[in-house]
Amino acid sequence: MLRSTSAAMGTTAVKPPSPRLRCALLSCGIASILAAAALLAVTLTVFRVREPVMTMNSISLKDPASPPALTLAVVADVSVRNPNAASLRYGATETSVWYRGRRVGEARGPPGDAPARRTVRANVTVGVAVAALLGDPAFAADVAAGAVAVATATTVRGRVAALGGLVRRRVTLEMNCTATIAVADLSITDQSCLQRVWLR
């Protein structure tokens with residue numbers, strides 16, 4: 001008989017999961033989704049890499065050790081503020097001095113580390129050969145006028161790594177400044193700076 005075929009074959013019906021089991025599985029799934037969303041939110045907010053800020057605190061001239069000076073020492077006082085939750089490790093800083101579009105001096109500062117949400121400060125001294133300036137007719141005219149306009153360019157390259165390197169970005173900071181040197185007392189006036197930042 002047809003109605004007894006299934007019984008004769010020995011098949012058994014699979015019981016659906018109980019409502020309590022379905023509820024438990026659904027709760028575990030929702031908890032996993034919420035935990036993943038929370039981790040993603042923390043990663044995107046707390047550990048999101050923000051742009052560091054470089055500030056040129058001052059540009060000054062060191063008094064020559066003995067006149068007549070063969071080298072003019074230009075001191076760039078630079079600060080780097082790290083707003084991130086992870087430290088910023090940077091390589092040697094590069095600073096150059098320009099006069100009328102011509103580079104007349106350059107120097108490298110030591111590498112370092114900017115702790116999380118801290119500001120580090122460093123001085124870079126650039127030696128400018130006076131003989132090279134004296135050979136420029138425009139320099140003599142600027143000295144006679146009492147003011148010499150110069151430009152400086154400072155570059156800092158580093159890396160921010162968080163969560164054991166899971167979140168990692170390379171950072172390049174560049175600060176370009178212009179300033180005027182008063183010949184009478186070698187003071188710096190009209191200092192103006194522009195910062196650029198690249199995150200990769």
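Okay, let me start with a question: is C193 buried, partly exposed or exposed? Hold that thought while I walk you through the rest. And keep in mind that what's up on the screen is a predicted model.

So, the overall layout. We've got four helices and 10 strands in this chain. Starting at the N terminus, the order goes α-α-β-β-β-β-β-β-β-α-α-β-β-β. So you meet two helices, then a run of strands, then another two helices, and the chain finishes on three strands.

Next, packing and surface. The chain has 200 residues, and 30% of them are buried. If you take the contacts with a separation of 6 or more, 64% come from residues 24 or more positions apart. As for the outside, the chain exposes about 12600 Å², and 61% of that is supplied by carbon and sulfur atoms.

Now, back to the cysteines. The count here is one disulfide. The partners are C177 and C193, with their sulfur atoms 2.1 Å apart. C177 sits in strand β9, residues 167-182, and C193 sits in strand β10, residues 188-199, so the link ties together parts that are 16 residues apart in sequence. For the geometry fans: we have 110 degrees about the S-S bond, and the link is right-handed.

And the answer I owe you. C193 is partly exposed, at a relative accessible area of 35%. Its partner C177, on the other hand, is buried, with a relative accessible area of 2%. So when you go looking for this disulfide on the screen, follow β9 to C177 and β10 to C193.

Methods
Residues are numbered from 1 along each chain as its sequence is written. This is a predicted model: local features need pLDDT of at least 70, side-chain atom pairs count only at pLDDT 80 or more; totals for chains, interfaces and linings use all residues. Side-chain values use heavy atoms; hydrogens and water are left out. Buried means under 20% relative accessible area, exposed over 50%, partly exposed in between (1.4 Å probe, protein chains only). Contact means heavy atoms within 4.5 Å. Accessible areas come from the Shrake-Rupley method with a 1.4 Å probe; for residues, only the protein chains shown count as cover. A disulfide is a pair of cysteine sulfur atoms within 2.5 Å.
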